[in-house]
Amino acid sequence: MTTTQKESIREIGKVLQDKGKPLKDRFRSLFTLKNLGGNEAIDIIASCFDDESALLKHELAYCLGQMQDKYAIPSLITVLEDKTQEPMVRHEAGEALGAIGSPEVLDLLKTYAQDSVVEVAETCQLAVERIAWLQKQRSQEEAGLLPNPYSSVDPAPPASSVDVQALRTSLLDESLPLFQRYRAMFTLRNIGSKDSVLALADGLKCKSALFRHEIAYVLGQIQSDACVSQLRANLIDEHENPMVRHECAEALGSIATDEAVTELQNYLKDSERVVRESCIVALDMSEYENSCQFQYADTLQKMNQEKGAEVTG
């Protein structure tokens, strides 16, 4: 990486690290750093885990997991082990370790699979299962599985079945292992039909808050307006887990219909900080979806061109 590239990363990082900046600007900086990658970007992202915003810290961990760089493992372990961090932040650190997929963290994940916070425990159980699948079954199964059209690193691979009704049955069967139900979830997402969206939306009423939160996440990826009313129902429910409400807000921001935007505006002053902040970010997301504008795009394009020049030079 050239000196110019490092300086550009640091300039983008200053926005993320500036607690006085609007949250939407810091999010844009964060996702730009995720796309750029490298140790410098990871160090900047990891430096922000002392922030007061649980939402931002959650997204920091998410991005580190999506980068799949082992360099981030020590920072994520620190967050997972820190019980002063909010449950949704610790959960995301555990999920990120699973996304990176290194066997070196298996013993740690097995320990936290018994955590007293159920969302953290379930996340670490899934992470253990994912790493085990990568080690033992990936080579046997992967070629026959539906491709992921979203390029995300998921907590579980898709299932081999593509029967929407059978997948719905597995998704909603709370007696099945969570990993198996997640596999059904991601297959339904990859199918992406209206029937599969409605099947997924039924999962918003399942018992596990972690499961409901992941359902909202994948519905946001699909961006179908067929599930707006279901996402809205969980968002407006003040007794719902804030982690789920936050993900419903972000999903509505991705879907970005007039109805979704109006609903988000109604919760900009919600009593839960993570919900308020999610609505702010989601409204910015909806503006992006409708305008195709993105801060730092020129910088990202320039740096990618420079990387290409290094390879060909």
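**Entry 1: the second largest cavity**

I looked up which helices line the second largest cavity of this predicted model. I noted that α6 and α8 (118-136) each supply at least two residues of its lining. Helix α8 gives the largest share, four residues. I then listed the residues that line the second largest cavity: Glu95, Gly98, Ala99, Thr123, Leu126, Ala127, Arg130 and Pro155. By class, I recorded four nonpolar, two polar and two charged residues in this lining. The volume of the second largest cavity is about 30 Å³.

**Entry 2: the largest cavity**

I next asked how many cavities of 30 Å³ or more the structure holds. The answer is two. The largest cavity contains about 50 Å³ of space. Two elements, α4 (54-67) and α6 (87-100), give two or more residues to its lining. I wrote down the lining of the largest cavity as Ala61, Tyr62, Gly65, Gln66, Glu92, Glu95, Ala96, Ala99, Val153, Asp154 and Pro155. These lining residues divide into six nonpolar, two polar and three charged. On comparing my two lists, I found that Glu95, Ala99 and Pro155 line the largest cavity and also line the second largest cavity.

**Entry 3: the second largest pocket**

I turned from cavities to pockets. For the second largest pocket I noted a volume of about 380 Å³. Its lining has 18 residues, and those nearest its centre are Arg130, Trp133, Arg138, Glu142 and Pro158. I had already met Arg130 in the lining of the second largest cavity. Helix α8 again drew my attention: three residues, the largest share of the pocket lining, come from α8. I counted the classes in the lining of this pocket as ten nonpolar, four polar and four charged residues.

**Entry 4: the packing of α13 and α15**

I recalled that two packed helices are described by the angle between their axes and the distance between the axes. For helix α13 (residues 209-222) and helix α15 (residues 242-255), I recorded an angle of about 10° and axes 8 Å apart. Angles under 35 degrees count as roughly parallel, and α13 is therefore roughly parallel to α15.

Which residues make the contact? On the side of α13, I listed Ala209, Leu210, Arg212, His213, Ala216, Tyr217, Leu219 and Gly220. On the side of α15, I listed Met243, Val244, Glu247, Cys248, Ala251, Ser254 and Ile255. I closed the entry with the classes of this contact: ten nonpolar, three polar and two charged residues.

Terms used. Residues numbered from 1 in each chain as written. Predicted model: local features only at pLDDT ≥ 70, side-chain atom pairs only at ≥ 80, totals over all residues. Heavy atoms only, no water. 1 Å grid on protein atoms, 1.4 Å probe; cavity = no way out; pocket = protein on both sides within 12 Å on 5 of 7 lines; lining within 4 Å. Points joined across faces, edges and corners; volume = space filled by probe spheres on them. Nonpolar A, V, L, I, M, F, W, Y, C, P; charged D, E, K, R; others polar. Axes fitted to C-alpha atoms, helices over the stretch in contact; angles between N-to-C directions. Parallel < 35°, antiparallel > 145°, perpendicular 65-115°, else oblique. Contact = heavy atoms within 4.5 Å.
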